[in-house]
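Good morning, colleagues. Please turn to the sequence and the model on the screen, and I shall then take you through them.

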Amino acid sequence: MTLEYASRQHPGDDRSQILGALVKRGVPLSDAETVATAILETRAPLNVSGARRKAAEPKGTDMREMLDRVKENREENRQAIDRLMKSAERGNKPLSAGDQKRLSSLLDDQQQFDERVDELTEQIEMDERAAVAARKFSGATKPAHRSSENRAPMSGAAYVTSEPQVYRKDSKETSFFLDAYAVSKNNSPEARERLERNSRQVADARGQEGRALSTSNGNAGEFVPPLWMEDQWIRLARAKRVTADLAVNDRLPAGTDVINLPKVATGTATGLQGTQNTAVTNVDMTTTSIAAPVLTLAGAQTVSLQLAEQSPLNIDTVILGDLAADLATKVNAQVISGSGTGGNATGLLTLAGTNSSVWNGTDGITFQAAVLKAIGQVFASTFEAPDSLVLAPRRAVWLMAQRDSTGRPLLVPAENGPTNAMGVLGPKLATEGPIGRFCGLDVYIDGGIPLTLGAGTNEDRAIVFRSSEIRLWESVPRFEVFPQTFAQNLSLLARAYEYMAFTAARYPGAVSVLSGSGFTATNTL
């Protein structure tokens, strides 16, 4: 943060307000005092025009609210310019001297509004990038306390530091797991302080998402996992939730047990007016709603106290990795094949109203025809193009081996710049992204596609869909540790859980499911 920037951000603050702003950004108090002194000594008087005064933001205003307010004032100023110019046009005469002076002032104000919008936009982007960096690369942050010998000399800029993370992946000095256990066992104040400080760090680093993240912790050992755990959670989970990650994923709102999405059941209509002064087409719109119930997904693991206390490894990684992998599998299974009954979501394979394309062939050419039929079905139902084709691993490998009538692969390698190819195989296989394209669709491999479907319970399925029409909501994962009922065995129960809701029922016609005897286990490599 340079002195010029800090001075711009706090033009009317006194010393204490500047100090507070700097400390909030992570600047050590000793450095903050030096910076505040320099700001107050070097600040030049600002040339504040009428637009600047009008755009001045009250102290404590959220930066995005600031930006919205400046944009509103800029729009009012622009409208004033338009009114002045249109007045001159209507009178078909040049602007008077007074109007010219006013126009010049308005144009100057407009320029200053534009500059202020750019400043605020840039700062918001910087803050968001900083939050991401703090979350992903927390190990690279400078320590909050540095010796005077290592402190860089100040030359008009302050080095912004941040408080080290309470729990770090590469450190065994503190353990989230053991602190959660200590709070659950004897309500340790030191462990609780570390857990609550970690919750605040997570909320700060999440930025916008942090607003919906509660930092209040329960008495039964429930706490927000540390930042590195959340990153590790995502990294471990994505390999097993391919289809779930293709959905539009939103944070689940707090305090609700069902998500209701409005839906237009029948729309309005227009028509040709046969003759003048006759009634025009008048059709009332009718609406309904789609309900996505909130589900609870959880996993638990019993851990020996000896492993937690004496292991040379960071036990947090071991416990979380196992629970996260299982939880990810369950989320993906709900998205693909949830039954819609007994507390389950309604998955893509069980959703009523989807399109069906039957494939009973044994070769790639007939499979291609079935995929093209599925694409046409989505177009006919939604007037929009699908974008994704999800296959079971065995079906994807089978497709890679298929040839056309001239012996050319249906999925042509991308390295040599293929032409006239119905499908292109990417340079490398991926467990998280597309492996290539087929019939204009991104192709994904998902091990969550069931292999026991059909009359012979030996069929898999292929799914064609438009990913923007399937919606998934998830809460922040939670982590708990309980010694109760396991004390006699010197064991602990580690439990992870999250809430989710899923629906593809807004436009079921945006999904086509391919089935048939071609998907049997015998028709594989």
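How much surface does the protein expose, and what share of it do carbon and sulfur atoms supply? The exposed area is about 27,700 Å², and carbon and sulfur atoms supply 52% of it. I should state at once that this is a predicted model.

As to the overall composition, the protein has 14 helices and 15 strands. It consists of 525 residues, of which 43% count as buried. Among contacts between residues at least 6 apart in sequence, 71% join residues at least 24 apart.

Let us now consider one sheet. It is open and has eight strands, in the order β5-β15-β11-β6-β10-β9-β8-β7, with mixed pairing. At its edges stand β5 (355-358) and β7 (411-413); each has a single partner strand, so one side of each is left without a neighbour in the sheet. On average, neighbouring strands of this sheet are turned by 30° against each other, direction ignored.

Within this sheet, strands β6 (residues 388-391) and β10 (residues 441-445) pair in the parallel sense over four bridges. Here Val390 stands opposite Tyr444 in β10.

Two helices deserve mention. Helix α13 (residues 364-382) lies across β5, β6, β9, β10, β11 and β15, and runs at about 165° to β5. Helix α14 (residues 393-400) lies across β6, β7, β8, β9 and β10, at about 110° to β6.

Finally, I turn to a single residue. Asp326 lies in helix α12 (residues 315-337). With a relative accessible area of 32%, Asp326 is partly exposed. Its side chain makes a polar contact with the side chain of Lys330, at 2.7 Å.

How values were computed: Residues are numbered from 1 along each chain as its sequence is written. This is a predicted model: local features need pLDDT of at least 70, side-chain atom pairs count only at pLDDT 80 or more; totals for chains, interfaces and linings use all residues. Side-chain values use heavy atoms; hydrogens and water are left out. Buried means under 20% relative accessible area, exposed over 50%, partly exposed in between (1.4 Å probe, protein chains only). Contact means heavy atoms within 4.5 Å. Accessible areas come from the Shrake-Rupley method with a 1.4 Å probe; for residues, only the protein chains shown count as cover. A polar contact is a pair of N or O atoms within 3.5 Å; within protein, one must be able to donate a hydrogen and the other to accept it, and residues adjacent in sequence count only if both atoms are side-chain atoms. Two strands pair if DSSP finds at least two bridges between them. Axes are lines fitted to C-alpha atoms, for helices over the stretch in contact, and angles run from 0 to 180 degrees between N-to-C directions.
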